[in-house]
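Subject: Structure handover

Hello,

Here is the structure I promised to pass on. Please open it alongside this note. My findings follow below.

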Amino acid sequence: MTGASAGGVALAVAAAVAFEGSYVLQALEARRAAPVERAGVALLGRLARRPLWALAIALSGVGFGLQVAALRHAPLSLVQPVLALGLVLLLVLSHRVLHERIGARELTGVAGLVAGVSVVVLAAPERGTGAGGTGLAFACTALGAVVLLAFARRSVAAVPLVAAAAAGDALAALAINEVAHELGRPAAAVGWAALAAAAGLLALSAEATALQRSPASVVAPVVLAGQVAIPVLLAPLVAGERWGGTPGGGALLLGGLALVLLSATLLARSPAVGAVRRLAATG
């Protein structure tokens with residue numbers, strides 16, 4: 001791993017802390033809000049009047065900046081799995097604040113997550129130059145369609161909401177990666193940043209509404225898997241990353257990603273991590 005990649009990993013870890021801290025505050029306000037009949041600006045407008053939610057958005061903005069900085073030094077397929085380490089923060093909060101027991105399940109999840117991220121770090125490709133073009137346009141259009149489909153429905157159902165949250169987070173990650181590549185062209189960078197913000201807010205609205213209808217242990221693993229796996233799997237197409245020169249031609253990288261996803265799912269479904277999410281539901 002080069003010095004630049006090491007710096008990217010450190011920045012991605014900092015971003016993960018900011019995002020997960022923001023998520024706890026957002027979930028606290030989102031679950032306090034009265035249910036709405038359909039996802040959209042009604043819920044976001046209600047939440048925007050709450051100071052704690054505004055603070056969460058500010059913290060998320062800090063995470064955005066850190067993620068852009070990380071992507072300036074490391075490839076998308078490395079940064080996204082590192083962001084999953086934020087789940088460890090939720091586990092720590094559960095133990096320190098709620099005094100929840102950390103058992104073998106949680107320790108196994110943490111160990112697997114750290115091991116998976118370590119494999120990804122060792123097997124990650126060089127940072128791409130940004131492929132752009134048709135591949136990026138197709139990916140953004142497809143993910144955007146999944147998000148908008150959920151908001152176009154007249155009734156709220158958990159499955160399309162969860163899919164929209166995962167797709168929206170993945171779309172935001174692709175857009176943030178483009179921001180990192182386009183900083184030399186301010187107009188393009190601002191455009192991609194606007195897309196990232198819009199996708200992130202829609203994903204937040206969809207997830208918040210889904211959490212009012214389904215347990216966090218069901219919603220969180222799917223959303224997390226989408227926001228980590230989708231950008232990584234699309235990285236060769238949308239970010240110009242070349243996996244052919246990595247160990248096993250990308251096989252080791254995919255193995256590390258699989259371990260990250262399995263471990264993150266184990267943690268996301270853990271009663272200890274769920275206790276933090278229940279705190280958000282009850283205030």
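Is the crossing of helix 7 and helix 9 left-handed or right-handed? It is left-handed. Before the rest, one caution: this is a predicted model.

**Overall**

The protein chain has 12 helices and zero strands. From the N terminus on, every element in the run is therefore α: α-α-α-α-α-α-α-α-α-α-α-α. Of the 283 residues in the chain, 49% are buried. Take the contacts between residues at least 6 apart in sequence: 84% of them join residues at least 24 apart.

**Helix 7 with helix 9**

Back to that left-handed pair. Helix 7 spans residues 133–152, and its axis comes within 10 Å of the axis of helix 9. The two axes cross at roughly 35°. From helix 7, the residues involved are L136, C140, V147 and F151. They meet W192, L202, S205 and A206 in helix 9. By class, this contact has seven nonpolar residues, one polar and no charged.

**Helix 9 with helix 10**

Helix 9 (residues 186–211) also packs with helix 10 (residues 216–238). Here the axes come within 9 Å and cross at roughly 155°. Angles over 145 degrees count as roughly antiparallel, so helix 9 and helix 10 are roughly antiparallel to each other. Helix 9 passes helix 10 in a right-handed crossing. E207, A210 and L211 are the helix 9 residues in this contact. Their partners in helix 10 are A216, V219 and V223. The contact has five nonpolar residues, no polar and one charged.

V219 deserves a look of its own. This residue lies in helix 10. It is buried, because its relative accessible area is 1% and the cut-off is under 20%. Leaving aside neighbours within four places in sequence, V219 is in contact with V162, E207, A210, L211 and S214. V219 and E207 are 12 residues apart along the chain, and their C-alpha atoms are separated by 7.6 Å.

**The loop before helix 9**

E182 sits in the loop between helix 8 and helix 9. Is E182 buried or exposed? E182 is buried, with a relative accessible area of 14%. Beyond neighbours within four places in sequence, its contacts are A188, A189 and W192. W192 is also one of the helix 9 residues that helix 7 meets.

**The core**

The largest nonpolar core has 66 residues. Which residues have the most contacts inside it? They are L78 and V79. Helix 8 (residues 158–181) gives this core its largest share, 13 residues. In soluble globular proteins, nonpolar side chains tend to be buried together. For V79, contacts outside four places in sequence are A12, Q67, A70, L71 and A74.

**Helix 11**

L261 is placed in helix 11 (residues 251–268). Its relative accessibility is 22%, so L261 counts as partly exposed. Leaving aside neighbours within four places in sequence, L261 is in contact with A225, V228 and A229. The C-alpha atoms of L261 and L224 are separated by 8.2 Å. Along the chain, those two residues are 37 apart.

Best wishes

Methods. Residues numbered from 1 in each chain as written. Predicted model: local features only at pLDDT ≥ 70, side-chain atom pairs only at ≥ 80, totals over all residues. Heavy atoms only, no water. Axes fitted to C-alpha atoms, helices over the stretch in contact; angles between N-to-C directions. Helix = DSSP H or I, 4+ residues; strand = E, 2+ residues; numbered from the N terminus. Parallel < 35°, antiparallel > 145°, perpendicular 65-115°, else oblique. Left-handed = near helix turned anticlockwise from the far one by under 90°. Contact = heavy atoms within 4.5 Å. Nonpolar A, V, L, I, M, F, W, Y, C, P; charged D, E, K, R; others polar. Core = buried A, V, L, I, M, F, W, Y, C linked by side-chain atoms within 4.5 Å. Buried < 20%, exposed > 50% of the residue type's maximum accessible area, 1.4 Å probe, protein only.
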